[in-house]
Amino acid sequence: MLLGGTLDVTVHEKQDDGSIKEIHKVTGGPYGGMKVNHQFEGLLDELFGDEKLYEYRKVFPSDWLRLTGDFEDKKRGLRALQNKETRIRLPQSFNSSVPEILPHSMERYGEEDKIFKNEYLCLSPRVMKKQFEPVLEAMKEHLTVLLRKPELSRVKVMLLVGGFAESSLLQQEIKNEFADRCRVIVPRDAAKAVVQGAVMFGKMPTKITERVVATTYGCACSRDFIEGVHPNEKKFVADGIEKCRDLFSCFVKENEVVKVGQRVRQVFYPVYANDTEIKFGFYTSPTTNPQFVTDPGLTKIGSLTVQSPDTQRGRDREIEASLYFGGTEITATARDISSGNIAKTTLDFFHVK
């Protein structure tokens with residue numbers, strides 16, 4: 001389980017030969033350490049006024065970073081668990097620019113929740129814990145739902161890594177909730193474990209032999225138009241034949257298992273008899289059965305063009321497109337069978353093309 005800006009959960013099974021098999025797709029949500037930081041920023045807005053805080057962030061950005069950085073350090077500490085107040089150091093610019101705590105804000109807190117401002121912002125244990133509550137509750141709910149799945153019944157170890165995994169509050173909450181179900185492990189330097197794991201995987205990408213696909217992969221294509229099935233706005237005419245554009249041709253569906261080194265192939269044909277450049281656009285979908293690449297939620301992650309110079313056979317030319325699932329990346333390839341021409345691209349999940 002990776003805990004940082006967001007929660008990312010992966011489930012692996014160690015094989016007898018030391019290799020690793022992924023048995024559930026990556027899941028998670030926006031409930032990680034950054035969410036706790038946002039909760040704290042919301043508390044500051046409540047205490048001092050959001051307009052004042054907005055101006056302060058603009059005028060003193062470096063001091064604001066120091067303030068939030070101090071909270072980042074303190075949220076990993078033990079003081080709230082030891083029933084002690086947490087002290088967040090306030091920059092001098094904050095004390096001179098931001099007034100005292102708004103009186104009506106303090107009325108919302110009881111005697112046990114007293115908050116004080118001097119050189120530090122002093123948060124009682126209960127107030128500090130409240131900054132974590134929404135994140136921890138969402139996290140526990142997500143993990144509970146996952147662990148109820150039959151395919152995860154044999155999970156025996158829960159490994160917490162990432163910067164947020166170093167939070168004492170988080171560690172205690174997860175252990176209290178799941179210690180009866182499995183062994184909860186937090187490695188030393190949990191934040192560094194993420195980088196170390198990435199380096200190790202980069203050196204030995206075949207260590208993970210199988211993966212569960214987290215999203216549906218496919219490409220755009222055109223096929224014969226079917227009246228009553230395809231919408232008229234997708235209709236066009238190619239060499240006198242009615243065609244439907246923007247159809248999604250699926251290579252692999254969400255939750256399917258692919259082996260590292262596996263290649264998934266499909267055969268396509270030119271739309272026009274005189275086409276000498278065959279273009280492909282590759283997409284991911286959050287659903288298993290999208291019909292069109294223009295459907296909501298689909299993301300374009302790559303494109304390529306393969307040369308098909310011999311047009312003697314017109315549209316009766318095979319163009320093979322494939323996705324290759326490597327250890328650390330997915331490569332798309334198109335091959336013109338008649339000429340042997342090949343075009344390749346690595347699918348890009350960070351920049352829409």
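How many nonpolar, polar and charged residues does the lining of the second largest pocket have, by class? The lining has 14 nonpolar, 5 polar and 8 charged residues. The legends below concern a predicted model, in which local features need pLDDT of at least 70, side-chain atom pairs count only at pLDDT 80 or more, and totals for chains, interfaces and linings use all residues. Residues are numbered from 1 along each chain as its sequence is written, and side-chain values use heavy atoms, with hydrogens and water left out.

**View 1. The second largest pocket and its lining.** The space in this pocket amounts to about 650 Å³. On a 1 Å grid over the protein atoms alone, a pocket is an open set of points where a 1.4 Å probe fits, with protein on both sides within 12 Å along at least five of seven lines; lining residues have an atom within 4 Å of a point. The volume is the space filled by probe spheres set on the points. Of the 27 lining residues, those closest to the centre of the second largest pocket are Ala 220, Cys 221, Ser 222, Val 271 and Lys 279. In the classes used here, Ala, Val, Leu, Ile, Met, Phe, Trp, Tyr, Cys and Pro count as nonpolar, Asp, Glu, Lys and Arg as charged, and the others, Gly among them, as polar.

**View 2. Strands that line the second largest pocket.** Strands (E, at least two residues) and helices (H or I, at least four) are DSSP runs, numbered from the N terminus. At least two lining residues come from each of β10 (216–224), β12 (241–252), β14 (262–268), β15 (277–285) and β16 (299–307). The largest share, 6 residues, is supplied by β15.

**View 3. Gly 281 in strand β15.** Gly 281 counts as buried, at 10% relative accessibility; buried means under 20% relative accessible area, exposed over 50%, and partly exposed in between (1.4 Å probe, protein chains only). Between the C-alpha atoms of Gly 281 and Gly 302 the separation is 5.9 Å, with their positions 21 residues apart along the chain.

**View 4. Thr 288 in the loop between β15 and β16.** With a relative accessible area of 31%, Thr 288 is partly exposed. Its C-alpha atom is separated by 5.9 Å from that of Thr 216, although the two are 72 residues apart along the chain.

**View 5. Asn 83 and Asn 255, two residues with positive phi.** Most residues other than glycine have a negative phi. Asn 83 has a positive phi of about 60° and lies in the loop between α3 (61–74) and β4 (86–89). Asn 83 is exposed, its relative accessible area being 62%. For Asn 255, phi is near 80°; this residue is placed in the loop between β12 and β13 (257–259) and is partly exposed, at 45% relative accessible area.

**View 6. The crossing of helices α1 and α6.** The axes of α1 (residues 33–48) and α6 (residues 125–147) come within 8 Å and cross at roughly 130°. Axes are lines fitted to C-alpha atoms, for helices over the stretch in contact, and angles run from 0 to 180 degrees between N-to-C directions. The two helices are therefore oblique, since angles under 35 degrees count as roughly parallel, over 145 as roughly antiparallel, 65 to 115 as roughly perpendicular and the rest as oblique.
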